[in-house]
Amino acid sequence: MSLRRLLAPLLLPVLLLFGAAASMPALAQDKVVYHIDNAAEQGTKALRNIRNHLDVAPKTEIRVVTHAEGVDLLLEGAQDKKNNIDYGPLISDLKGRGVRFEVCEITMKRRNLTRDQFVMEAEFTQSGVVRITELQARDRYAYIKP
């Protein structure tokens, strides 16, 4: 947790007393990257975790980055066969709540997949692992692997 975030609750009463609250910068919203590399094992759990995450903290900025077998989560018609759950409506609902879903193009090339095989909510990134690194290191996203 940043020093500013720790001190803000302590400083707010003092700033209000002196009328300086308007000049205090707003605290940044939480940002999280969910890492999916195996849709069969992580798909339903990840989508449920994300839904619950947003139910409790609706302003959280969430990215889902998929690579390897994780891209299967975002294929058109994909489902959790074990639990008979279609991923499409769950993904669409989460996209409507601001979640962004990214597919690794290296995996697509390796598996001979094309963009039109994925749900319309999918975005594409050159490398899933590079994207996760950028989000964590540069953009300060917390990391979750369900």
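In which strand is A68 found? The close-ups below, all taken from a predicted model, start with that residue.

**View 1. A68, a residue with positive phi in strand 2.** A68 is found in strand 2. Most residues other than glycine have a negative phi. A68 is not a glycine, yet its phi is positive, at about 50°. With a relative accessible area of 16%, A68 counts as buried, because the cut-off for that class is under 20%.

**View 2. R140, a positive phi in a loop.** Here we look at the loop between helix 5 (128-137) and strand 7 (142-144), where R140 is found. R140 is also not a glycine, and its phi is positive at about 60°. Its relative accessibility is 67%, so R140 counts as exposed.

**View 3. The aromatic pair of F118 and F124.** The structure holds 1 aromatic pair. F118 and F124 form it in an edge-to-face arrangement, with 5.8 Å centre to centre and 80° between the planes. How do the two partners fare in terms of exposure? F118 is buried, at 4% relative accessibility, whereas F124 counts as partly exposed, at 23%.

**View 4. I91 and its contacts in helix 3.** I91 is found in helix 3, which covers residues 87-96. Its relative accessible area is 0%, so I91 is buried. Leaving out residues up to four places away in sequence, I91 touches L47, L73, L74, F101, V119 and E121. For L74, which is 17 residues from I91 along the chain, the C-alpha separation is 8.1 Å.

**View 5. E102 and its polar contact with R131.** Strand 5 (residues 100-104) is the home of E102. This glutamate is buried, with a relative accessible area of 3%. What joins the side chains of E102 and R131? The link is a polar contact of 2.9 Å. Beyond four places in sequence, the residues that E102 touches are R63, V64, V65, T66, L74, E123, T125 and R131.

**View 6. A57, in the loop after helix 2.** A57 lies between helix 2 (39-56) and strand 2 (61-69), in the loop that links them. At 25% relative accessibility, A57 counts as partly exposed. Do also look for Q29 in this view: A57 and Q29 are 28 residues apart along the chain, and their C-alpha atoms are separated by 9.7 Å.

Key:
Residues numbered from 1 in each chain as written. Predicted model: local features only at pLDDT ≥ 70, side-chain atom pairs only at ≥ 80, totals over all residues. Heavy atoms only, no water. Helix = DSSP H or I, 4+ residues; strand = E, 2+ residues; numbered from the N terminus. Buried < 20%, exposed > 50% of the residue type's maximum accessible area, 1.4 Å probe, protein only. Phe/Tyr/Trp six-rings, centres within 6.5 Å; stacked < 30°, edge-to-face > 60°. Contact = heavy atoms within 4.5 Å. Polar contact = N/O pair within 3.5 Å; in protein donor to acceptor, adjacent residues only side chain to side chain.
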